[in-house]
Amino acid sequence: MSNQHNHTDEELIVMLRENEVVAFKKIYTKYWYELYLITNKRLRSKEAAEEIIQNFFTTFWINREKINITGSLKAYLHSAIRYSIIDYLAKEATRNNYLELLSFSYQEATNTTEETIFIKELENGINGVISKLPAKCRKVFELSRKEHKSNKEIAELLGLSEKTVENHITNALKHFRVHYKVILIASGFAWLLR
C-alpha cells in the first residue's frame with residue numbers, strides 16, 4: 001500500500017498487525033493531539049499528559065499484534081487512554097498515600113519488629129529522596145506534603161506564584177517516580193506498587 005494513500009482506520013489496523021511502521025506513524029499523527037487534549041483536560045498537567053500519551057503509544061506499538069479492536073479505532077483509543085488516566089491517578093494516589101505512612105508514629109503502632117524495620121527503611125528512603133531535591137523544590141514539597149499547606153498558602157509563605165509552586169511539586173513527584181520502586185522494594189513495601 002502506498003504511503004501517500006489516505007488509509008482508513010480499518011486499513012491502518014490491518015497494516016499495524018502486519019508490523020508496518022507507517023501505519024503506527026499515521027495512527028500516532030492522527031490521534032496524538034486528540035488524546036493529549038483529553039488527558040490534559042482531565043489531569044491539568046501538560047507534563048503528565050505527555051508522559052501518559054507517550055507511554056500509551058509505546059505500549060500500543062509493543063502489543064500491536066495482540067490488540068483486538070472490534071469497534072472503531074477512535075473508540076478503542078479513547079477507551080484505552082481513559083484506562084491509562086485512571087491507572088495514572090491510582091498510582092499518584094498511592095504515591096501520595098505512601099507519604100502518609102510517615103505521618104503515623106511507627107513506635108506507637110503495634111507492628112512486629114520486621115514491620116517496624118521496614119517502615120524505618122521506607123522513611124529513610126523517602127527522606128533520602130527528599131534530601132536530593134533542590135532546596136526550593138524540597139521546601140515547597142515539605143510544606144505541601146508534610147505540613148499539608150495549599151499551593152496558595154505556600155506561594156504566599158515563600159513569595160512565589162502558585163504556578164511556580166505547582167511546578168516544584170510536579171518536579172518533586174517526577175523525582176520520586178524515578179526512585180519510588182527502588183525505595184518500596186528495598187523497604188519491603190513493593191505491594192504498594194500493585
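Begin with the whole chain in view: among contacts in the protein between residues at least 6 apart in sequence, 57% join residues at least 24 apart. The model on display is a predicted one.

**The whole protein**

Colour the chain by secondary structure. The protein has eight helices and zero strands, and from the N terminus on its elements run α-α-α-α-α-α-α-α. Next, switch on the surface. The accessible surface comes to about 11,800 Å², and carbon and sulfur atoms account for 53% of that area. How much of the protein is buried? Of its 194 residues, 35% are buried.

**First stop: the loop before α2**

Select Asn19, which lies in the loop between α1 (9-17) and α2. What is the sign of phi at Asn19? Phi is positive here, at about 65°, although Asn19 is not a glycine. For comparison, most residues other than glycine have a negative phi. Is Asn19 buried, partly exposed or exposed? Its relative accessibility is 35%, so Asn19 counts as partly exposed, since this class lies between the limits of 20% and 50%.

**Second stop: helices α2 and α3**

Select residues 21-43 for helix α2 and residues 46-62 for helix α3. Two packed helices are described by the angle between their axes and the distance between the axes. For α2 and α3, the axes come within 9 Å and cross at roughly 145°. The crossing of this pair, α2 and α3, is right-handed.

Now show the side chains where the two helices meet. On the α2 side, the contact includes Phe24, Ile27, Tyr28, Trp32 and Leu35. On the α3 side, Ile52, Ile53, Phe56, Phe57 and Trp61 are among the residues that take part. Altogether, the residues of the contact of α2 with α3 divide into 16 nonpolar, three polar and two charged.

**Third stop: the loop between α2 and α3**

Select Arg44, whose place is in the loop between α2 and α3. Arg44 is a residue other than glycine with a positive phi, near 55°. Is Arg44 buried or exposed? With a relative accessibility of 70%, Arg44 counts as exposed, because the exposed class begins over 50%.

**Fourth stop: helices α6 and α7**

Move along the chain and select residues 135-145 for helix α6 and residues 151-158 for helix α7. At what angle do α6 and α7 pack? The angle is about 135°, and the axes are 10 Å apart. The two helices, α6 and α7, are therefore oblique to each other. Their crossing is right-handed.

Display the side chains of this contact as well. Lys139, Val140, Leu143 and Ser144 in α6 meet Ile154, Leu157 and Leu158 in α7. By type, the residues of the contact of α6 with α7 comprise five nonpolar, one polar and one charged.

**Last stop: Ala155**

Stay on helix α7 and select Ala155, which is found in that helix. Ala155 has a relative accessibility of 6% and therefore counts as buried, because the buried class lies under 20%. Which residues is Ala155 in contact with, leaving aside its neighbours within four places in sequence? They are Leu160, Ser161, Glu162 and Val165. Finally, place a distance label between the C-alpha atoms of Ala155 and Val140: these residues are 15 apart along the chain, and the separation of the two atoms is 8.7 Å. Val140 has already appeared on this tour, as one of the α6 residues that meet α7.

Note on methods: Residues numbered from 1 in each chain as written. Predicted model: local features only at pLDDT ≥ 70, side-chain atom pairs only at ≥ 80, totals over all residues. Heavy atoms only, no water. Axes fitted to C-alpha atoms, helices over the stretch in contact; angles between N-to-C directions. Helix = DSSP H or I, 4+ residues; strand = E, 2+ residues; numbered from the N terminus. Parallel < 35°, antiparallel > 145°, perpendicular 65-115°, else oblique. Left-handed = near helix turned anticlockwise from the far one by under 90°. Contact = heavy atoms within 4.5 Å. Nonpolar A, V, L, I, M, F, W, Y, C, P; charged D, E, K, R; others polar. Buried < 20%, exposed > 50% of the residue type's maximum accessible area, 1.4 Å probe, protein only. Areas by Shrake-Rupley, 256 points an atom, 1.4 Å probe, with all protein chains shown as cover.
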